[in-house]
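Take a moment to turn the model around before reading on. We will walk through a handful of places together, one paragraph at a time.

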Amino acid sequence: MDHIFRSCRHSPSFWNGVGIPSEVAHSFALDFQSWMAINLRSHCSTIHGLPWNLIFASTLWYCWKGRNNLVFNEGQQPPVSPQKFIFQFARDWYNANKCSSSKPPRQIISIHWIHPPIGRYKINTDGSCKDPFRHISAGGLIRNSEGDWIKGFAANLGRGTIMEAELWGVFMGLSIAWDEGCRDVILECDSWDAVILIQKPILDSHPLYNLIIDCKEAIGKNWRCEVTHIYREMNASADHMADLGHGLSLGLHVFVSPPTTASNCLVSDSIGRALPRAVLV
């Protein structure tokens with residue numbers, strides 16, 4: 001290996017002109033293992049602004065590639081000035097890696113549950129799945145513009161997927177609100193995928209087609225019904241009701257009065273207690 005990368009008569013053509021930093025120049029006189037370790041672990045940069053360890057690794061690759069061309073491609077000689085290929089390769093890798101690893105800017109905002117407008121009702125729903133046995137449940141609640149409890153529900157759904165749980169929560173919340181006589185409702189769900197499935201056209205080949213159609217038909221009844229996605233920090237009360245369903249017998253359980261275990265969540269919602277959330281700028 002040392003011969004290929006340093007001792008071969010073709011090797012100098014690869015290393016000359018790549019801008020070896022002074023901090024690592026001494027390593028080229030050391031043994032092979034030390035030479036590799038020092039350069040690959042280096043944190044210095046080249047005059048081109050690229051990390052030296054990236055240029056070093058790229059040069060190794062082109063040395064190896066040149067040697068293989070020489071042996072297996074009828075003595076094909078390396079390019080006279082391979083540095084431009086080395087720098088282009090390193091720059092492309094650097095830019096691609098920088099883009100994939102960088103995260104979009106975010107800012108912290110404060111959010112909380114918001115009361116519906118006067119005369120309207122808000123339905124909050126959620127689904128829950130307990131791994132590894134895929135036990136699913138759903139829950140939710142209906143409140144008026146004062147934040148008063150109208151009705152709530154929790155359901156033990158047996159086994160299934162989290163999307164089933166989310167959609168069952170939506171369907172049950174809508175059905176209970178309709179039966180309660182609410183005719184102007186806003187349904188909030190913290191599952192973006194569930195909201196999209198309900199709002200967009202659906203193929204009959206979808207495994208949850210019937211449940212999605214039931215939700216669409218419930219929304220399409222003779223009432224004002226708005227379905228929207230919210231952050232989970234704004235949906236804590238519904239999350240509590242969904243989690244409650246895991247401890248109940250199979251089926252739907254309707255709560256005329258709020259369970260005592262939900263009191264903290266309800267109070268936080270009522271007074272608008274805010275929670276932090278990182279969102280895209």
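**A walk through the model**

Trp 61 is a good place to begin: with a relative accessible area of 40%, this residue is partly exposed, since that value falls between the cut-offs of 20% and 50%. Do keep in mind that you are looking at a predicted model. Trp 61 sits in helix H4, which covers residues 52–72. On the surface, Trp 61 joins Met 1, Trp 64 and Phe 89 in a nonpolar patch, and together the four have about 420 Å² of accessible area.

From here, look for helix H2, made up of residues 11–15, where you will find Pro 12. Pro 12 is partly exposed as well, because its relative accessibility is 37%. Its C-alpha atom is 9.6 Å from that of Cys 63, although 51 residues along the chain separate the two.

Now let us move to the annotated region. The UniProt record, an unreviewed entry, lists residues 124–243 as "domain: RNase H type-1". In the model, this stretch is 38% helix and 32% strand, and the C-alpha atoms at its ends lie 14 Å apart.

Within strand E2, which runs over residues 121–130, please find Asp 126. Which side chain of opposite charge is nearest to this buried residue? It is Arg 232, 9.1 Å away, and Asp 126 has no salt bridge. For a salt bridge, the side-chain nitrogen would have to be within 4 Å of a carboxyl oxygen. Beyond its neighbours within four places in sequence, Asp 126 has contacts that include two further aspartates, Asp 190 and Asp 239, along with Glu 166. Also among its contacts are Ser 137, Ala 138 and Gly 139, as well as Asn 235 and Ala 242.

Follow the chain onward from E2 and you come to the loop before strand E3 (135–143), which holds Arg 134. Here the backbone deserves a glance: Arg 134 is not a glycine, yet its phi is positive, at about 60°. Arg 134 is partly exposed, as its relative accessibility is 42%.

Our last stop is Ile 212, in helix H8 (residues 209–219). Is Ile 212 buried or exposed? Ile 212 is buried, because its relative accessibility is 0%. Setting aside residues up to four places away in sequence, Ile 212 touches Leu 167, Leu 197, Ile 202 and His 206. Pro 201 is 11 residues from Ile 212 along the chain, and their C-alpha atoms are 9.9 Å apart.

Conventions
Residues numbered from 1 in each chain as written. Predicted model: local features only at pLDDT ≥ 70, side-chain atom pairs only at ≥ 80, totals over all residues. Heavy atoms only, no water. Helix = DSSP H or I, 4+ residues; strand = E, 2+ residues; numbered from the N terminus. Buried < 20%, exposed > 50% of the residue type's maximum accessible area, 1.4 Å probe, protein only. Lys, Arg positive; Asp, Glu negative; His and termini not counted. Contact = heavy atoms within 4.5 Å. Patch = residues over 30% accessible without salt bridge, like charges linked within 9 Å, V, L, I, M, F, W, Y side chains within 5 Å. Areas by Shrake-Rupley, 256 points an atom, 1.4 Å probe, with all protein chains shown as cover. UniProt positions renumbered as here; feature names shortened; annotations may be inferred.
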